[in-house]
Amino acid sequence: YMGIQQFKDCDKMGLPYLLNCVILAYAPFYIVYKASSINEFASKFKLIAIGGLAFVISQAIKMITYALIASSSSEDKYTFEFVQEMIKNIVSLIDLYAIYYAANYIKSGSNENLTYKVCAISLGWGGVQCFLSHFFFILINAFSSEFMWECTQSAMQSNIDLFDAYILTFLVVSIANEASSSFTKFASIILALCKLILLNMAISYYDSGKAYSQWIMLLIKGGSSFGIYLISKFIQQSSSHIT
């Protein structure tokens with residue numbers, strides 16, 4: 001009887017919280033899908049699927065590469081190791097090639113534009129990342145008798161991951177676009193390197209020391225990504241005005 005009552009209490013408290021976390025994690029995907037009007041294009045699901053597949057392949061290659069070239073890390077998980085973090089973030093450059101391959105898998109036709117490609121690939125990439133990195137954590141921990149802020153933070157991190165996927169896809173497409181100026185391509189390369197290496201290393205450094213709460217770290221991650229996005233859009237608009 002106690003077990004049944006405990007399950008009922010868990011269901012009363014856990015199910016609404018689970019639904020709230022799932023909505024918080026996945027609502028931005030639906031918003032991006034509807035706001036970008038990619039449902040008007042015939043190849044939308046194919047390109048979204050390619051974006052998701054590119055993420056899976058990229059993560060597998062990165063894990064294998066990092067395991068082959070990285071040495072054993074310190075037992076203290078809160079210790080920041082510069083060399084290990086540098087190797088990990090350099091290996092993460094594989095993401096750029098995976099996005100580039102996904103963006104060029106389907107050539108843009110007369111009814112397809114670059115914005116459509118960026119949104120479709122980032123939805124596929126971010127959707128699979130959200131499912132593999134956050135969904136099961138939320139599913140297991142949110143459906144419990146105890147309230148956990150970590151589930152809300154994981155759902156918010158999923159939103160940031162989607163935004164990061166959009167930024168990286170936007171930068172890669174800007175680099176690969178033949179219509180982009182040399183300055184736009186060069187600036188996009190610098191921003192992509194800053195995002196994947198310098199910025200990620202700085203975040204790992206502050207996160208390893210646990211000097212800030214997870215809420216502050218989410219704010220830093222989201223704010224820094226938004227800053228990269230604003231700079232990339234400003235460069236693109238400035239370049240278009242010059243040309």
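**Why the labels fit: salt bridges, burial, a cavity and a patch**

User: The side chains of K195 and D164 meet in a salt bridge. What makes the pair count as a salt bridge?

Analyst: The N to O distance is 3.6 Å, and the cut-off for a Lys nitrogen and an Asp carboxyl oxygen is within 4 Å, so the pair qualifies. K195 sits in helix α7 and D164 in helix α6, so this contact ties together parts that are 31 residues apart in sequence. Bear in mind that we're looking at a predicted model.

User: Are K195 and D164 buried or exposed?

Analyst: Buried, both of them. K195 has a relative accessible area of 6%, and D164 has 15%. Buried means under 20%, so each value falls inside that class.

User: How many salt bridges turn up in the whole structure?

Analyst: Three. Another joins the side chains of K62 and D95, at 3.0 Å from N to O. It links distant parts of the chain, with K62 in helix α2 and D95 in helix α4 (residues 94–105), 33 residues apart. That distance is within 4 Å, so K62 and D95 pass the test as well.

User: How do you know whether K62 and D95 are buried or exposed?

Analyst: Check each percentage against the cut-off. K62 comes out at 15% and D95 at 7%. The line for buried is under 20%, so both go into that class.

User: What about K88 and E85: what makes them a salt bridge, N to O?

Analyst: Their side chains meet at 3.3 Å, which is within 4 Å, so the label holds. Here the partners share helix α3, and because they are three residues apart, about one helical turn separates them.

User: Why do K88 and E85 get their accessibility labels?

Analyst: E85 has a relative accessible area of 15%, so it is buried. K88 is at 38%, which makes it partly exposed. Buried needs under 20% and exposed needs over 50%, so 38% lands in between.

User: Where is Q84 found, and why does it get its burial label?

Analyst: Q84 is in helix α3 (residues 82–91). Its relative accessible area is 8%, which is under 20%, so Q84 counts as buried. From Q84 to I69 the C-alpha distance is 9.7 Å, with their positions 15 residues apart in sequence.

User: And what does the relative accessible area say about Q157?

Analyst: Q157, in helix α6, has 14%, so it is buried too. Q157 and L218 are 61 residues apart in sequence, but their C-alpha atoms are 6.9 Å apart in space.

User: What share of the protein do buried residues make up?

Analyst: 41% of the 243 residues. As for the fold elements, there are eight helices and zero strands, so the pattern along the sequence is α-α-α-α-α-α-α-α, as helices and strands are defined from DSSP runs.

User: How many cavities of 30 Å³ or more does the rule give?

Analyst: One. The largest cavity holds about 40 Å³ of space, which clears the 30 Å³ limit in the count. What earns the name cavity is that a 1.4 Å probe fits inside but cannot get out.

User: Which residues line the largest cavity?

Analyst: The lining is F170, L171, S174, T184, A187, S188, L191, S232, I235 and Q236. Helices α6 (149–176), α7 (182–208) and α8 (214–242) each give two or more residues, and α7 has the largest share, with four.

User: How does that lining divide into nonpolar, polar and charged?

Analyst: Five nonpolar, five polar and no charged. Leu, Ile, Phe and Ala are among the nonpolar types, while Asp, Glu, Lys and Arg are the charged ones.

User: Which residues form the nonpolar patch on the surface?

Analyst: L53, V56, I57, I61, F131, L132, F136, L139 and I140, with about 810 Å² of accessible area together. Helices α2 (44–69) and α5 (114–142) each give two or more residues, and α5 gives the most, with five.

User: What makes V56 fit into a patch?

Analyst: V56, in helix α2, has 39% relative accessibility, so it counts as partly exposed. Patch members need over 30%, so V56 clears that bar. Val is also among the side chains that can be joined into a nonpolar patch.

Technical notes
Residues numbered from 1 in each chain as written. Predicted model: local features only at pLDDT ≥ 70, side-chain atom pairs only at ≥ 80, totals over all residues. Heavy atoms only, no water. 1 Å grid on protein atoms, 1.4 Å probe; cavity = no way out; pocket = protein on both sides within 12 Å on 5 of 7 lines; lining within 4 Å. Points joined across faces, edges and corners; volume = space filled by probe spheres on them. Patch = residues over 30% accessible without salt bridge, like charges linked within 9 Å, V, L, I, M, F, W, Y side chains within 5 Å. Areas by Shrake-Rupley, 256 points an atom, 1.4 Å probe, with all protein chains shown as cover. Buried < 20%, exposed > 50% of the residue type's maximum accessible area, 1.4 Å probe, protein only.
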